[in-house]
Amino acid sequence: MPYFMMPKARPTSREVLADLVSFDTTSGNSNLPLIDHVEDWLRSFGLEPCRFPDATGTKSNLLVTIGPEDVPGYILSGHTDVVPVKGQDWTSDPFVLREEDGKLFGRGACDMKGYVACCLSKVPHFLEADLKSPFHIALSYDEEVGCIGVRSMVADMAGWDLKPLGCFVGEPTKMDVITGHKAKHSFRVTVTGKSGHSSLAPNFVNAIEYAAALIMKIREIGERLAKGRHDELYDMPVTTSHVGVIRGGTQLNIVPELCSFDFEFRSLPEEDAEALNEEVFAYARDVLEPRMKAVDPDCGIGFHLISSIPGLATGADEEIVALAKHLAGRNGFSKVAYGTEAGLFREMAGIPTVVVGPGDIAQAHTPDEFVEISELAACDAFLNRLIAHCSA
């Protein structure tokens, strides 16, 4: 039995991380083996975790509260799923934690089992402290495929009588305090044309060409946005459009009947993301489809939502920001272009939220992913200060 799993053990964050990494929680797999083990260990302390399973019963969130239940507290939020290792060239087993040169290598070590390990390693310390405010450790599933799993847990929190004082989402930020991230809306577009011999191409509807016309419209929107609203706290200070995948056609002498492509907008939180989506829908509906249907009424363009993640815009003067900077020992804050679950805590439940956690996002999703031991130590110190704050 791993040391972490021994009843009432006092593991270090490194020991917990080694245990967490050993579970292959790639998003396509069940996360229940990890959830089962963590839940059993929490129960050994007399705690009563709560599960929020998915519809299939193969995945679950886990929420546990430590401390007084009649006052508001703080959420420590982390996701349990990781991205695939298939096709990546690892120098060691990605599901066995390896230490070298002050770094801990393993899938999820950085994104974001390092933070989860720090939080779980503090459970005995939470229990021993004279807490005046509780901690809610919230572990989610399927963050990497669209922040899907956490929504049921956050929806439950939205109904709590005592709204939490704040939430710390532990994505890898090198313990910098992140107050904002972009929203993301991604779609799969299916263009249905009319096929025929390419020698008579004008008599048919070329799905690839109409897809290309819509792609150019998306590009034009992106170019316009590049001249619009800016926020220099982001490494990419504008709202962006992007087309990443396209499929279509069978051979050159056949007018293609089908073409599909995937696109996204990553928008500043202040941008009207729905208006951007509608601009694309309207161009397809009002400009392109009439031309297609004039040749064949069965032609058309369909949209399927892949993922939708709200942005985060926590005010610089909010108490959660001042507290996070104090706990992290930082004077400033910044914003990031990638999406996180933080926007959902803010939008769905109205919980003041920042993103702060150990590790460098540059290491996330890479072969030989790692987190520096010093980063775990910094996160441990952050949590120790938070314990002191909640015990004051």
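Start by selecting S4, S5 and S18: these three strands make an open sheet in the order S4-S5-S18, with antiparallel pairing. Strands here are DSSP runs of E with at least two residues, helices are runs of H or I with at least four, and both are numbered from the N terminus. Two strands count as paired if DSSP finds at least two bridges between them. Strands of a sheet pair through backbone hydrogen bonds, either parallel or antiparallel.

Before going on, note that this is a predicted model: local features need pLDDT of at least 70, side-chain atom pairs count only at pLDDT 80 or more, and totals for chains, interfaces and linings use all residues. Residues are numbered from 1 along each chain as its sequence is written, and side-chain values use heavy atoms, with hydrogens and water left out.

**Stop 1: the three-stranded sheet**

Colour the edges of the sheet S4-S5-S18. They are strand S4 (98–100) and strand S18 (370–372), each pairing on one side only. From one strand to the next, the twist averages 25°. Angles run from 0 to 180 degrees between N-to-C directions, and axes are lines fitted to C-alpha atoms, for helices over the stretch in contact.

Now pick strand S5 (residues 103–105). S5 pairs with S18 in the antiparallel sense over three bridges. Show Leu-104; it stands opposite Val-371 in S18.

Next, add helix H10 (residues 373–391). H10 lies across S4, S5 and S18, and runs at about 60° to S18. Contact means heavy atoms within 4.5 Å.

**Stop 2: two backbone details**

Most residues other than glycine have a negative phi, and most peptide bonds are trans. Zoom to Asp-111 and Met-112. The peptide bond from Asp-111 to Met-112 is cis, with omega near -15°. Met-112 sits in the loop between S5 and helix H3 (113–121).

Then select Cys-147. Cys-147 is not a glycine, yet has a positive phi of about 50°. Its place is the loop between strand S6 (135–140) and H5.

**Stop 3: a helix pair**

Two packed helices are described by the angle between their axes and the distance between the axes. Select helix H5 (residues 150–157) and helix H9 (residues 342–349). They pack at an angle of about 35°, with their axes 9 Å apart. The crossing of H5 and H9 is right-handed; that is, the near helix is turned clockwise from the far one, where anticlockwise by less than a right angle would be left-handed.

Which residues in H5 meet H9? Show Val-150, Arg-151, Val-154, Ala-155 and Met-157 in H5; they meet Leu-344, Phe-345, Met-348 and Ala-349 in H9. By class, the residues of this contact are eight nonpolar, no polar and one charged. Ala, Val, Leu, Ile, Met, Phe, Trp, Tyr, Cys and Pro count as nonpolar, Asp, Glu, Lys and Arg as charged, and the others, Gly among them, as polar.

**Stop 4: the four-stranded sheet**

Select S11, S13, S9 and S14. They form an open sheet in the order S11-S13-S9-S14, with antiparallel pairing. Strand S11 (240–248) and S14 are the edge strands, each pairing on one side only. The twist averages 15° from one strand to the next.

Focus on S9 and S14. Nine bridges join them in the antiparallel sense. Lys-184 stands opposite Ile-309 in S14. Add helix H6 (residues 207–225), which lies across S9, S11, strand S13 (258–267) and S14 and runs at about 10° to S13.

**Stop 5: the largest pocket**

How much space lies in the largest pocket? About 390 Å³. Of its 19 lining residues, Glu-143, Glu-144, Lys-184, Gly-339 and His-365 are the closest to its centre. A pocket is an open set of points on a 1 Å grid over the protein atoms alone where a 1.4 Å probe fits, with protein on both sides within 12 Å along at least five of seven lines; lining residues have an atom within 4 Å of a point. Grid points are joined across faces, edges and corners, and a volume is the space filled by probe spheres set on the points.

Strand S9 (183–192) and strand S14 (300–309) each supply at least two residues of the lining of the largest pocket. S14 gives the most, three residues. The lining holds seven nonpolar, six polar and six charged residues.

**Stop 6: the second largest pocket**

Finish at the second largest pocket, with a volume of about 280 Å³. Thr-65, Pro-68, Glu-69, His-136 and Trp-160 lie nearest its centre, out of 18 lining residues. Strand S2 (residues 60–66) provides the largest share of the lining, three residues.
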